[in-house]
Amino acid sequence: MHHRHERALRRRFALALGDHLLRHPRPAPDIGLLHDVADAEIDRQQRSVIYERIGEMNFNLIRFDEAVAALAKALELNPASSSAHLMLGYVYLRRSRFDNATAEYSRVISANPRSAAAHEGLARVALELERYAESATEAGRALAIDPGLQNARYIKAMALIRGGDEVEGRAVLEDYQRRERDLQNPAARLAAIAELDKASLTMLSDGRAQEAITLLGEGIATYPGNARLQMIPADFVAFSR
């Protein structure tokens, strides 16, 4: 009777911890506790998320075999989990199992061709295999989907330089370095956005609408997600009325 009661309490604790981890995914409890959560009587999707967390923690501890096993279990429970495929692809990449990494990233792209992370993963694999043209192409696809991906921009620069396109590669690398400086200096970033704002509206008032739109497009690509730059097109419409 005592053992049954203890098991019931353990299961209830595991369920509560599992629910907490789903709501707040960043805490790092003991991996053994997470296995208790995953083994408790919870639904398959919840168990999959917990096994992904186990995989991530093992990866951070450089326990790659355990990470692969946990992520494989997550995918057994939820084969459609793109995050598990992406994480497993990265683990394989770190282990130089490039065919396996390519397969995982390709599965994500088959389900979602606009997965910037998967295209970036394929770019990493191609760079490691010295397939520089392919790497630059995949990195370019990732950046076309998400211009803010600095890792993809750096991969593209290295692929171009190593592939012999020194001029274009250096240009991409300089762009990467400039963006990194902006990220490390928020004041400079805000000042640059303010200048873009001012210049585009000045162009519009001078009747140079196409130049203003081109400048704005470059600004949004350089500073994706900035609310002020996203609002400027509405200013254009209001101004032109």
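Helix α5 comprises 13 residues and extends 18 Å from its first C-alpha to its last, close to the 18 Å expected at 1.5 Å a residue. This and every other value reported here comes from a predicted model. Within α5, the buried residues are Ala84, His85, Leu86, Met87, Leu88, Gly89, Val91, Tyr92 and Leu93, and these buried residues pack against α3, α4, α6 and α7. Just after α5, the chain reaches Ser96, which takes a positive phi of about 60°.

One of the helices against which α5 packs is α4, which covers residues 64-77. At 1.5 Å a residue, the 14 residues of α4 should span 20 Å, and because its end C-alpha atoms are indeed 20 Å apart, the expected and computed lengths agree. The buried residues of α4 are Phe64, Ala67, Val68, Ala70, Leu71, Ala74, Leu75 and Leu77. An α-helix has 3.6 residues a turn, so residues three or four places apart point the same way. The cover over the buried residues of α4 includes α3 (44-60), α5 (82-94) and α6 (98-111).

Helix α6 also holds Asp99, a residue that is exposed, with a relative accessible area of 68%, which lies over the 50% needed for that description. Asp99 is 10 residues from Gly89 in sequence, and the C-alpha atoms of the two are 9.5 Å apart in space. Gly89, for its part, belongs to the buried residues of α5, whereas Asp99 is exposed.

Further along the chain, attention turns to a pair of helices, α7 (residues 116-128) and α9 (residues 150-162), whose axes come within 10 Å and cross at roughly 30°. Because this angle is under 35 degrees, α7 counts as roughly parallel to α9. The crossing in which α7 passes α9 is left-handed. On the α7 side, the contact involves Glu120, Ala123, Arg124 and Leu127, which meet Asn151, Ala152, Ile155, Met158, Ala159 and Arg162 in α9. Sorted by class, the residues in this contact of α7 with α9 are 6 nonpolar, 1 polar and 3 charged.

Ser135, found in helix α8 (residues 132-145), has 0% relative accessibility and therefore counts as buried. When residues up to four places away in sequence are not counted, Ser135 touches Ala123, Ala126, Leu127, Ile155 and Ala159. Among these neighbours, Ala123 and Leu127 also take part in the contact on the α7 side, while Ile155 and Ala159 do so on the α9 side. The C-alpha atoms of Ser135 and Glu120 are separated by 8.6 Å, although the two residues are 15 residues apart along the chain.

Taken over its whole length, the protein chain has 13 helices and 0 strands, and its pattern, read along the sequence, is α-α-α-α-α-α-α-α-α-α-α-α-α. Of the 241 residues in the protein chain, 39% are buried. Among contacts between residues at least 6 apart in sequence, 44% join residues at least 24 apart.

Note on methods
Residues numbered from 1 in each chain as written. Predicted model: local features only at pLDDT ≥ 70, side-chain atom pairs only at ≥ 80, totals over all residues. Heavy atoms only, no water. Axes fitted to C-alpha atoms, helices over the stretch in contact; angles between N-to-C directions. Helix = DSSP H or I, 4+ residues; strand = E, 2+ residues; numbered from the N terminus. Parallel < 35°, antiparallel > 145°, perpendicular 65-115°, else oblique. Left-handed = near helix turned anticlockwise from the far one by under 90°. Contact = heavy atoms within 4.5 Å. Nonpolar A, V, L, I, M, F, W, Y, C, P; charged D, E, K, R; others polar. Expected span 1.5 Å × (residues − 1). Buried < 20%, exposed > 50% of the residue type's maximum accessible area, 1.4 Å probe, protein only.
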